[in-house]
Amino acid sequence: MLRNFFLSFFLFPVFCSGQTFYDSTYTHIPDTSTILIPINVSGLPSQINSSFGLSSVCINITHSFDADLVIRLQSPDGSLITLAGGVGMNGQNFLNTCFAMNGSSFIASGTAPFTGTFIPQQSLNIKNNGQNPNGNWILWVSDTYFSDTGSYHNCSITFSVNPPADQPAPPIVCNYCSCQNISDTCDLFPDMTASALCIQQFHTEYTGYITLANATPNVGRGPLEAHGIDSCFCDTVPIPCNAPCAGQLKHIVVQKIYQRHGSDTLSSYNHTAGKMIFHPAHQHLHVDHWSDFSLRVQTSNADATTWPVVGNSTKQSFCLMNDDNCTADSGYCKDSLGNVLTLANIPNSGFGFYSGCGLDQGIYGGYLDIYDEALNDPIILNNICDGTYYIVSITNPEKSFLESDYSNNWAAVPITLTKQNSPSGTASFNYVQNGLQIIFTNTSLTGNTYLWNFGDGNWDTTYSPIHTYSAIGTYTVTLVSLNQCYTLTSQVVALTGINEYSQQGLNLRIYQNPITENSFITYYLPEKTFVKVSISDVLGKEIAVLLNEFQQMELQKYSLKNISLTKGIYFLNLITENRNTSVKFVVIR
């Protein structure tokens with residue numbers, strides 16, 4: 001009896017002070033896959049909390065690119081926390097790495113191979129919520145990118161009395177961070193760009209589509225940093241982030257912006273920046289519509305994002321991570337003048353804390369994310385003709401993330417297609433001057449889309465537009481006719497010295513005669529007057545009245561789209577208080 005008493009006394013403090021559970025089943029970590037390591041926990045109290053609970057997790061994992069990994073812990077209640085995701089950049093391995101809330105530093109600011117004790121990206125105390133700890137705990141190890149693999153070696157989880165409380169975040173220090181001007185206070189914004197060189201080097205034309213690689217360099221003074229927060233949607237319906245979703249689960253994303261104060265002290269604030277798509281197959285998240293790819297026809301506008309689109313890709317959603325830097329990928333990073341940038345001439349380069357495919361992601365200043373051809377959706381070419389076009393890539397196209405400069409977010413790369421269709425079709429038009437108004441008549445033989453450039457900075461996609469210029473001058477008008485093959489052809493007309501309209505006559509005209517559903521009439525009223533517009537047959541019998549009203553002095557336009565007449569010859573009659581005129585027209589439909 002005495003022996004049993006001493007044995008119970010011995011076991012009690014061991015049980016209460018701490019207990020560790022292990023797994024050492026060697027497992028390979030394949031590319032873009034997730035391995036699940038179960039660790040059975042038994043014999044603990046039926047609840048864990050701040051008095052007795054989860055206190056540390058230790059791992060040994062070898063991997064050739066740590067930032068590819070997202071390491072999570074699932075408790076018996078089914079909930080997950082992220083221990084580390086996208087950390088270590090291109091460093092290797094987690095060797096004798098422990099996670100505890102009293103760690104010496106945060107894992108995001110640590111350096112591979114992460115030997116020692118670190119504060120995880122999400123608190124272990126989230127698990128100390130009154131749940132029953134007995135049962136299977138599961139370590140999730142997800143490889144989120146191609147090319148690099150690794151191996152899981154062992155893991156341990158420890159429960160103890162008074163598990164370490166969460167530490168307040170330490171002051172953010174960056175002793176080399178600078179502002180753009182002489183001020184000591186500023187927001188350190190990212191400046192995201194698109195790499196033309198990457199597309200030039202890696203794109204392939206196939207019949208019906210183009211594949212391309214894409215790189216998004218950050219040449220700003222601060223990191224592009226995104227954090228998925230505990231606010232989720234299943235498609236468009238708000239749900240708890242750990243709830244099942246038959247559709248597409250999305251996390252709300254916040255962007256952290258760092259502010260410099262004084263010589264090296266930083267603060268930060270959050271900006272809501274859209275959503276991240278959660279991919280359960282490989283346990284990582286993609287930022288919605290991070291890039292936009294298209295095939296476009298060049299116009300005279302210097303901004304390629306305004307050019308007509310003739311081939312689209314789906315909106316690209318990516319992890320935001322450091323795949324390389326501006327020095328290693330020479331020519332990928334450029335300023336707004338086209339000068340090549342390296343780490344040496346990008347202020348604050350290397351500043352940042354988060355990268356990878358987990359809930360916390362980012363691209364440091366001077367670094368870039370790269371997606372290979374095989375990872376991007378292609379640009380689809382539906383009946384596109386051979387010829388010269390431009391691949392246009394736009395980074396952060398919806399401007400969901402704050403940046404220092406949005407004007408340099410795109411790249412345009414010329415490409416000559418040779419595996420599509422042969423060109424066909426032409427563009428042509430006529431025009432009539434009515435003062436500062438010009439009536440254009442489209443005479444293109446083929447086409448299903450039209451783009452007019454009036455030469456004064458204005459554009460129109462109307463079939464036969466009427467355009468009013470603001471002043472007398474010389475204008476070059478271009479019509480682009482996009483036919484079934486989207487062939488670019490044009491006719492250029494110089495309109496010299498647009499003169500005031502002649503006051504003689506009403507200049508009644510019908511555009512498209514014989515009549516079609518696009519036909520319309522125009523006439524000019526030199527004074528305010530009562531107007532009647534009617535239709536009569538060849539015997540002079542009035543069969544329809546189109547207008548019967550008072551109108552102002554100006555060029556008038558009226559559509560004949562809804563006129564219903566049988567096949568034959570008719571007369572359009574215009575009668576005013578002082579003048580009248582008629583025009584013959586034909587209906588062949």
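Strand β3, covering residues 34-41, runs antiparallel to β10 and is joined to it by eight bridges. In this predicted model, you can pick out the register of that pairing at P38, which stands opposite I138 in β10. As a reminder of what holds such neighbours together, strands of a sheet pair through backbone hydrogen bonds, in either a parallel or an antiparallel fashion.

Now stay with I138 and look at another partner of β10. Strand β5 (residues 69-74) is also antiparallel to β10, with six bridges joining the two. Here the bridge partner of Q74 is I138 in β10. I138 therefore serves as a handy landmark: P38 of β3 stands opposite I138, and Q74 of β5 is bridged to I138 as well.

Why is β10 described as largely enclosed by the rest of the structure? Strand β10 spans residues 135-143, and seven of these nine residues are buried, meaning under 20% relative accessible area, so the strand is largely enclosed.

Let's move along to another sheet. Three strands, in the order β30-β31-β34, make up an open sheet with antiparallel pairing. Its edges are β30 (429-434) and β34 (466-468), each of which pairs on one side only. From one strand to the next, the twist averages 20°.

Within this sheet, take a closer look at how β31 meets β34. Strand β31 covers residues 437-442, and three bridges join it to β34 in an antiparallel arrangement. To find the register on screen, start from I438, which stands opposite H467 in β34. If you then follow the side chains, keep in mind that in a regular strand they alternate between the two faces of the sheet.

Definitions and conventions
Residues numbered from 1 in each chain as written. Predicted model: local features only at pLDDT ≥ 70, side-chain atom pairs only at ≥ 80, totals over all residues. Heavy atoms only, no water. Pairing = 2+ DSSP bridges. Helix = DSSP H or I, 4+ residues; strand = E, 2+ residues; numbered from the N terminus. Axes fitted to C-alpha atoms, helices over the stretch in contact; angles between N-to-C directions. Buried < 20%, exposed > 50% of the residue type's maximum accessible area, 1.4 Å probe, protein only.
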